Amino acid sequence: QVQLVESGGGLVQPGGSLRLSCAASGFTLDYYAIGWFRQAPGKEREGVSCISSSDGSTYYADSVKGRFTISRDNAKNTVYLQMNSLKPEDTAVYYCAAATTSPNTAMKYGSWWYKDGQYDTWGQGTQVTVSS
């Protein structure tokens, strides 16, 4: 059974850090582009970050650049999202997703990675709350 499971969410004060994990079962993560998305109450789901299936290139939303880092541990079949300098506006349910088909050039990734319709396997989500 193909499955993604997120973990690592929680309550953190502004300026704090969390590391989210996305563990895969039933398939090998490094064959797929893996994206992180988030959805806050009353808002649409938005792309946060992506790591490519080919050369490990990474992509970030402008709102998280310099604060979040996506990485992959192939031995553990897990993708991580390290989130630093968290802000209240980062509060959301965070989802990881895998895409069985993805672009093969960096230029195409740039206009592709943040579109949730491109991903076909999703985790159940983990809540991140940033509040004092």
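## Close-up views of a predicted model

**View 1. S21 is a buried residue of strand β3.** Welcome to the first stop in this predicted model. S21 has a relative accessible area of 16%, so S21 counts as buried. The strand that carries S21 is β3, residues 18–25. Which residues beyond its neighbours within four places in sequence does S21 touch? The contacts of S21 are V5, E6, S7, W36, T78, V79 and Y80.

**View 2. Strand β3 pairs with β1 and with β8.** Let us stay with the strand of S21 and look to either partner. Strands β1 and β3 run antiparallel and are joined by 5 bridges. Within this pairing, L4 has A24 of β3 as its bridge partner. Between β3 and β8 there are 6 bridges, again with the strands antiparallel. Here C22 is matched with V79 in β8.

**View 3. Four strands make an open antiparallel sheet.** Stepping back, we can follow the order β1-β3-β8-β7 across the 4 strands of this open sheet, where the pairing is antiparallel. Which strands lie at the edges? They are β1 (3–7) and β7 (68–73), each of which pairs on one side only. On average, neighbouring strands of the sheet are turned by 15 degrees against each other, direction ignored. At the β7 end, 6 bridges link β7 to the antiparallel strand β8, residues 78–83. One residue to look for is T69, whose bridge partner in β8 is Q82.

**View 4. Strand β11 pairs with β2 and with β9.** This view moves to β11, residues 126–130. With β2 (residues 10–12), β11 pairs in the parallel sense over 3 bridges, and L11 stands opposite T129 of β11. With β9 (residues 92–99), the pairing of β11 is antiparallel, over 3 bridges, and Y94 stands opposite T126 of β11. Look also at the two faces of β11: T126, V128 and V130 make up the covered face, while Q127 and T129 make up the uncovered one.

**View 5. Aromatic rings meet edge-to-face in two pairs shown here.** The model has a count of 9 aromatic pairs. The ring planes of F27 and Y32 stand at 85 degrees, with the centres 5.1 Å apart, so this pair is edge-to-face. F27 counts as buried, at 12% relative accessibility. F37 and Y119 also form an edge-to-face pair, with 5.1 Å from centre to centre and 80 degrees between the planes. Why does this pair tie together parts that are 82 residues apart in sequence? Because F37 belongs to strand β4 (residues 33–39), whereas Y119 sits in the loop between α1 (106–110) and β10 (121–122). Both partners are buried: F37 has 0% relative accessibility, and Y119 has a relative accessible area of 5%.

**View 6. F37 and Y119 belong to one aromatic cluster.** The cluster consists of F37, Y59, Y95, Y109, W112, Y119 and W122. One of its members, W122, has the charged end of R45 over its ring, 3.9 Å from the centre.

**View 7. R19 lies over the face of Y80.** For the last stop, we return to a contact of S21, namely Y80. R19 is placed over the face of Y80, at 4.1 Å from the ring centre.

Key. Residues are numbered from 1 along each chain as its sequence is written. This is a predicted model: local features need pLDDT of at least 70, side-chain atom pairs count only at pLDDT 80 or more; totals for chains, interfaces and linings use all residues. Side-chain values use heavy atoms; hydrogens and water are left out. Two strands pair if DSSP finds at least two bridges between them. Axes are lines fitted to C-alpha atoms, for helices over the stretch in contact, and angles run from 0 to 180 degrees between N-to-C directions. Buried means under 20% relative accessible area, exposed over 50%, partly exposed in between (1.4 Å probe, protein chains only). Contact means heavy atoms within 4.5 Å. Rings of Phe, Tyr and Trp (its six-membered ring) pair if their centres lie within 6.5 Å; planes under 30 degrees apart count as stacked, over 60 as edge-to-face and the rest as tilted. A charge sits over a ring if NZ of Lys or CZ of Arg is within 6 Å of the ring centre and within 35 degrees of the ring normal.
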